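This report walks through a protein chain and the way its strands pair. Please look over the sequence and the model before reading on.

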Amino acid sequence: MFLSSLSKHKWITAAAAVAIIGGYFAYRSYAIPAETVRYLTAPAERGTLIVSLTGSGQVAASNQVDLKPKTSGDVTFVGVVDGQSVKAGALVVQLDSRDAQKAVRDAEVSLETAKLSLDKLKQPPDALSILQAENSLTQAKEAKDKAVSNLASAYDDGFTTISNAFLDLPTLVTGLHDILFSNTINTNQANVDYYSDSVSKYDQKSLAYARDADDAYQKARSAYDANFTAYKNTERTSSVAAIESLLKQTRDTTLLISSAVKSADNLIQFYKDTLTGRGLPYKTAADAHLTGLSSYTGKATSQFTNLQSAVDALKNDRDAITSADRSVGERTESLAKLKAAPSALDLRSAELSIKQREYSLLDVKEKLADYFIRAPFDGVIAKVGIKKGDSASSGTSVATLITAQKLAQVSLNEVDVAKVKVGQKATLSFDAVSDLQISGQVAQVDALGAVSQGVVTYGVTIAFDTQDLRIKPGMSVSAAIITDVKQDVLMVPNSAIKAAKPSPVRAETMTARG
């Protein structure tokens, strides 16, 4: 009975639902006025279908460079201002180049001199040059002959000087012996001992003076005896070696005698000064001895000077002969080379000298060019950072140059960039100049993307086909890149295309069935 009642209620519910739905549609049909449907028609035509994608970015210059001098100096000229267009090679800034210009002039003169030397080398010698070379050789030979003659005279003069010395040396040696070793003051002792002992009780230095005087005399006497023996065995006609040896020996002996005279004088003078200083009398023989020693000193000094001059004269004359020999050899060779044709080696050497100086000239010209800062390409001066009179340092920017050619640098997502290729055409528009559109083409597509917050973007560079002075680097740009073009396709306006919607009745029926 329960099931019978439930079945009865189910049909009642379904009937109620149908009644409600029917009432709703009846209400709509009478309550809402029907809309009038209008259709716009347009002919379907064949044409070209262009597919493009868009991206945004900024304008950039195709090239930008900071102009920097390679050297330092004061600025003497600035030839541009901000915003000025320049051609490649235009002078932008000039530095003080006076020193560099002088170096170029000197190198040019040096090169010209080398070229003249080569030309002269290739020409046959003239009669005057040969005559001058022959005269020069003759003069060198005459100078040698004179030097040889002077040397022979120097040996003869040297022997004369030795002979003159031996007129005084025996007197000096004998007189010195008498002053020191005779007993003219005290018959019980030699004069040297008397002078020493008389004042030793006042000053012991007298003993040292006496020893020095005795030692100096013994050395001088020994040298004199050997020297005198050699002198007796040598003649004016002896060999030059014997004469020169005797000359030096006599000079050295004279020096020892002079030293012995001085030592004796020191002893006797000390004796006299010691007693005089104490107010005590001294032997008058001391004054006579000092006078004699003074005379010996003058003679010894004079003879030593003469002997040393003779030794020097021999050396100078020998050196003159050596120099004359070299001069004769050089001038003989020079005359032979002058008469002969230039050798291949001489010609090659002269040619290499020219080449070397050409390289030197190029080097200084390159350095001179460093003082002139020029534009490396056509472009626009974006900024001048220096003025006339300033000091510019090597490697420091004096101006910034950018190219007139502009580029658009836009970013695309990974889906769009896969459709972009180098060479594709594009249309560029600018926020700053709303009524301007410029065509261009894709010049570069980045191979690596940049990731920011999980989104990958790729840079695309688009070159402008035409330039407009209103467009500046850094401005915003929008680009429409043409990725595909279809020719001769059937086309209809977008307004003629209507997207189909699901039927409301069908949807309601489906709902009712549910």
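## A four-stranded open sheet

The model is predicted. In it, 4 strands form an open sheet. Their order is S6-S5-S3-S8, and the pairing is antiparallel. Strand S6 (372-374) and strand S8 (391-392) are the edge strands. Each of these pairs on one side only.

Strand S3 covers residues 73-78. It runs antiparallel to S8, and 2 bridges join them. One partner pair can be named here: Gly73 of S3 has Ala392 as its bridge partner in S8.

## The chain as a whole

The protein chain has 514 residues. It holds 10 helices and 15 strands. Of its residues, 30% count as buried, where buried means under 20% relative accessible area. The exposed surface comes to about 32,300 Å². Carbon and sulfur atoms supply 54% of that area.

How far apart in sequence are the residues that contacts join? Among contacts between residues at least 6 apart, 78% join residues at least 24 apart.

## Strand S14 and its burial

Strand S14 spans residues 455-464. Why is S14 described as largely enclosed by the rest of the structure? The reason lies in burial: 7 of its 10 residues are buried, so the strand is largely enclosed.

## Partners of S14

Strand S10 (residues 406-413) is joined to S14 by 7 bridges. The two run antiparallel. Within this pairing, Ala408 has Ile462 of S14 as its bridge partner.

Strand S12 (residues 437-445) also pairs with S14, through 5 bridges. This pairing is antiparallel too. Here Gly440 stands opposite Phe464 of S14.

## The S13-S14 hairpin

Strand S13 takes up residues 450-452. It is joined to S14 by 3 bridges, and the strands run antiparallel. Ala450 stands opposite Thr457 in S14.

What do S13 and S14 form together? They make a hairpin, with 2 residues between the strands. Gln453 sits in the turn and has a positive phi of about 55°.

## Putting it together

Two areas of strand pairing have been described. In the open sheet, S3 pairs with the edge strand S8. Elsewhere in the account, S14 is joined to S10 by 7 bridges, to S12 by 5 and to S13 by 3. S14 is also the strand with 7 of 10 residues buried.

Note on methods
Residues numbered from 1 in each chain as written. Predicted model: local features only at pLDDT ≥ 70, side-chain atom pairs only at ≥ 80, totals over all residues. Heavy atoms only, no water. Buried < 20%, exposed > 50% of the residue type's maximum accessible area, 1.4 Å probe, protein only. Contact = heavy atoms within 4.5 Å. Areas by Shrake-Rupley, 256 points an atom, 1.4 Å probe, with all protein chains shown as cover. Pairing = 2+ DSSP bridges.
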